[in-house]
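Q: Please take a close look at one part of this model and describe how its helices are packed. Then say what else nearby in the chain deserves attention.

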Amino acid sequence: MPNILVVEDSPTMRQLISFAIKRIPNSHVIEATDGVDALKKLSSGKVDLILADINMPVMDGLKLVSLVRGNPAYKSIPVIIVTTEGAEEDRKRALSIGANAYLPKPIQTQELIRLVNTYLAN
Amino acid sequence: MEKETGFVGKAEEFLQMFKKGEEFTKELLKENEKLRYRIAQMEESIQRSADEARIKLYENRIGLLEEDLNSLKKRFRQVEEENKDFASKYIEVEEENNNLANLYVASYQLHSTLDFSEVLRIVLEIIINLIGAEKFAILLIDEKTNELVPVSAEGMAVSEAPKVKIGQGRIGSVAKEGESFFSDDLAGAAELNPLEPIVCIPLKIKEHVIGVISIYKLLTQKEGFTNVDYELFNLLAGHAATAIFSSKLYTQSERKLTTIQSFLDLLKEKPRK
């Protein structure tokens, strides 16, 4: 059963992403409201994939990605960035820090499910 | 001598008989050869007709198999068409499902609270995350001044959004008519003009307009509007309006209740003194 950590400060987006992810058979969604909350959730259970926003209070998505990549226990977890920042330089920056994929908002649910399935299969 | 003549005569008679026998044998051999030839011909003819019958049988079978093959090919094409139809219907249903999920989440969130500022935050979230707008403002009608007053904004300061009289300019007309406005040029002007939105949506409770959502710029990656965006605009027009209106009333009544309660507490306290 894949555990997917959704890190998003907006309750609307958290609910929308969780809705989409629950359509992947046997998947389980863990919700976090920011980077710090995400690190807590990472330490308390097994996570197979992280979906993270960039602009969040307390700790943003990019900081979270760099911390995840720097921790041997989490560095192999795929991270998909879901953000309103659609500029090419933002995408390059996120990927250079260690994100596996970059999905600009507003998200297409099919595209999100396809990406999640791809990284879960890998 | 007589004996000799008799012997010669018999010998000649025998020779004659032998010659006749030889001729007869030759005739028989000829006849036999003819018969053999005829038998061979007949056998050949029988063989030929058997081959022909077999070929005909095979031809019939091939014909039947070809018919079967054609009918299977036809069925295969039909099934292929049906599959294509199902696949496109599946994609449509999936899309519809996703759109409904978006609308459900938006509606659920809008009605999840009675806190005015939280409702405004949820409206902002929906416009940013689900529609994909970068710069926009929410303006509500001030019943006292009959003016649209900005109450919240994203990508710009609330003070940058204009105060507009009902019926005045693009925004005022949308509030007056209650009809949404969509600009043909969604890219908009390079500089922000608060009076010229690219999209303006009236917030309506039935036919009563309580405010507008004025969008000035979309996110870079948002190239245009899809069907679900128009559905979301419709949803915002109705549900955001009722959510904003009811939360505003609730907040006002809460405030009034607190004031009245304070008065009552004060009145109760007086006799003791």
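A: A starting point is V58(A), which sits in the loop that runs between β3 and α3 of chain A. The model is predicted, and in it V58(A) has a positive phi of about 65° although it is not a glycine. V58(A) counts as exposed because it has 12 C-beta neighbours inside 10 Å, and 12 or fewer is the cut-off for that class.

Next comes α3(A), the helix at one end of that loop. Its buried residues are G61(A), L62(A), L64(A), V65(A) and V68(A). Viewed down the axis of α3(A), they fall within an arc of 155°, so they line one face of the helix. In general, an α-helix has 3.6 residues a turn, so residues three or four places apart point the same way. The cover over the buried residues of α3(A) includes the strands β1, β3 and β4 (79-83), together with the helices α2 and α4 (88-97), of chain A.

Helix α2 of chain A, residues 35-44, is thus part of that cover. In α2(A) the buried residues are G35(A), A38(A) and L42(A). Seen down the axis of α2(A), these fall within an arc of 55°, so they too line one face of their helix. The face of α2(A) turned away from the buried side carries K40(A), S43(A) and S44(A), which are exposed. What covers the buried residues of α2(A) includes β1 (3-7), β2 (28-32), β3 (49-52) and α3 (61-70) of chain A. β1 and β3 are named in the cover of α3(A) and also in that of α2(A).

Further along chain A, a second loop has its own backbone feature. P106(A) is found between β5 (101-104) and α5 of chain A, and a cis peptide bond joins K105(A) to P106(A), with omega of about -5°.

The helix α5 that follows this loop also has a part in the contact with chain B. That contact takes 15 residues from chain A and 19 residues from chain B. On the side of chain A, α1 (11-21) and α5 (109-121) each supply at least two residues. α1(A) gives the most, with six residues. By class, the side of chain A that touches chain B has seven nonpolar, seven polar and one charged residues.

Note on methods
Residues are numbered from 1 along each chain as its sequence is written. Chains are lettered from A and ligands numbered from 1 in the order in which they are written. This is a predicted model: local features need pLDDT of at least 70, side-chain atom pairs count only at pLDDT 80 or more; totals for chains, interfaces and linings use all residues. A residue is buried if 20 or more other C-beta atoms lie within 10 Å of its own, exposed if 12 or fewer, and partly exposed in between; C-beta atoms are placed from the backbone. Helices (H or I, at least four residues) and strands (E, at least two) are DSSP runs, numbered from the N terminus. The arc is that of the directions from the helix axis to the C-beta atoms. Two residues are in contact if their C-beta atoms, placed from the backbone, lie within 7 Å. Ala, Val, Leu, Ile, Met, Phe, Trp, Tyr, Cys and Pro count as nonpolar, Asp, Glu, Lys and Arg as charged, and the others, Gly among them, as polar.
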